[in-house]
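Q: Could you take a close look at one helix in this model, at what packs against it, and at the charged pairs that go with that part of the chain and beyond?

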Amino acid sequence: VAAPLSLKQNAMASAAAKQVLAYTYELEFLYSGLESRQLVIIHHVRLQAKALQLILSACTTRGMEILLNMCEKFLQELEAFTRCFAVELQQLQGGFVERLLDVMPRLVACKPTEMVKILQTTLRQSAFLHLQLPEQVHRASATIIEPTGESDNPLRFTTGLVAVLELDATLQHVSDPPNSIKVQVVYPDGQAHIIHPKASDFRNPGPGRHRLITEVYLSHTAWTEPCQVEVRLLLAYSASGSRGGAGARPAWGDSVDGLPQTDTTIEGTINLSKPVKVYLMPKPARR
């Protein structure tokens, strides 16, 4: 890398790259009605963020084998991108991927340290690609109706036993709620539990609308004092960056077609509703 970053600069840039990645997943999975011309831009930005992460990791990584693995993984993601969006590549004129494809023979034949320098130069010289959303696009959202989080009446339960929290929420423009909606409960000690509602807990009152009525079971043996838990809804997603199974590991100088087709599926969650705080009051168990 031409100009090594200080630890503080590296940490700030790493946090920025991580945030950009998070935004790309939100754009892809929170919004319905996106067309291929929008998706290719979103995935293009995601690839740029991953290239930046690779560059920053190279500044602190010790050991050529680790850097080699990171470079091979990036080449796999680049190859998967060009396969998935072969038709849309013409939209990326002057962009990061087009410039990388121009130097692809050099990219797959060079050493990892040289590849990092190429990525850094290409990022700096690439044109910015604008994302224009279509008119008919909808953003997924959720609102927790009950509990409201405003009641002064605590939910009472016996320490070591289970308290039942009734949850009622509305969902807008959520695709396949039984498989994508999760309930997150954050306890006072920072532990977070994920609850998967049953398919029968969902109602469909109209197009683009769903209702979730379910029960959330709360329990924590360590509670002895009144406290609050935080409840919110999450949108789960699964993003696949490549196809096919794993193959034999190639030599570094092999062409990109020889790279193993590893599973790069990424699973995660996105905050879908505002958190609601519920006041709990445990009471000692009878002896």
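A: In this predicted model, the cover over the buried residues of helix H6 includes H2, H3, helix H4 (96–102) and helix H5 (104–109). The residues of H6 that are buried are Pro-112, Met-115, Val-116, Ile-118, Leu-119, Gln-120 and Thr-122. In an α-helix there are 3.6 residues a turn, so residues three or four places apart point the same way. Helix H6 itself runs over residues 112–125, and its 14 residues reach 20 Å from the first C-alpha to the last, which is close to the 20 Å expected at 1.5 Å a residue.

Glu-114 is not among the buried residues of this helix, for its relative accessible area of 28% makes it partly exposed. Its side chain forms a salt bridge with Arg-106, in which the closest N and O atoms are 2.8 Å apart, and Arg-106 is likewise partly exposed, with a relative accessible area of 47%.

Two of the helices that cover H6, namely H2 and H3, are also joined to each other by a charged pair, since Lys-50 lies in helix H2 (residues 36–60) and Glu-77 in helix H3 (residues 64–84), 27 residues apart, so that the pair links distant parts of the chain. The side chains of Lys-50 and Glu-77 meet in a salt bridge with an N to O distance of 3.2 Å. Lys-50 is buried at a relative accessible area of 17%, and Glu-77 is buried as well, at 13%, both values falling under the 20% that sets the limit for a buried residue. Side chains of opposite charge can pair when their charged atoms come close.

The structure holds seven salt bridges, and one of them lies between strands: the side chains of Asp-168 and Arg-211 meet at 2.6 Å, N to O. This pair, too, links distant parts of the chain, with Asp-168 in strand E5 (residues 163–172) and Arg-211 in strand E9 (residues 209–218), 43 residues apart. Here the two partners differ in their cover, for Asp-168 is buried with a relative accessible area of 15%, whereas Arg-211 is partly exposed with 31%.

Strand E9 also holds Tyr-217, which counts as partly exposed at 48% relative accessibility. Together with Val-162 and Val-164, Tyr-217 makes a nonpolar surface patch of about 270 Å².

Key. Residues numbered from 1 in each chain as written. Predicted model: local features only at pLDDT ≥ 70, side-chain atom pairs only at ≥ 80, totals over all residues. Heavy atoms only, no water. Salt bridge = Lys/Arg side-chain N within 4 Å of Asp/Glu carboxyl O. Helix = DSSP H or I, 4+ residues; strand = E, 2+ residues; numbered from the N terminus. Buried < 20%, exposed > 50% of the residue type's maximum accessible area, 1.4 Å probe, protein only. Patch = residues over 30% accessible without salt bridge, like charges linked within 9 Å, V, L, I, M, F, W, Y side chains within 5 Å. Areas by Shrake-Rupley, 256 points an atom, 1.4 Å probe, with all protein chains shown as cover. Expected span 1.5 Å × (residues − 1). Contact = heavy atoms within 4.5 Å.
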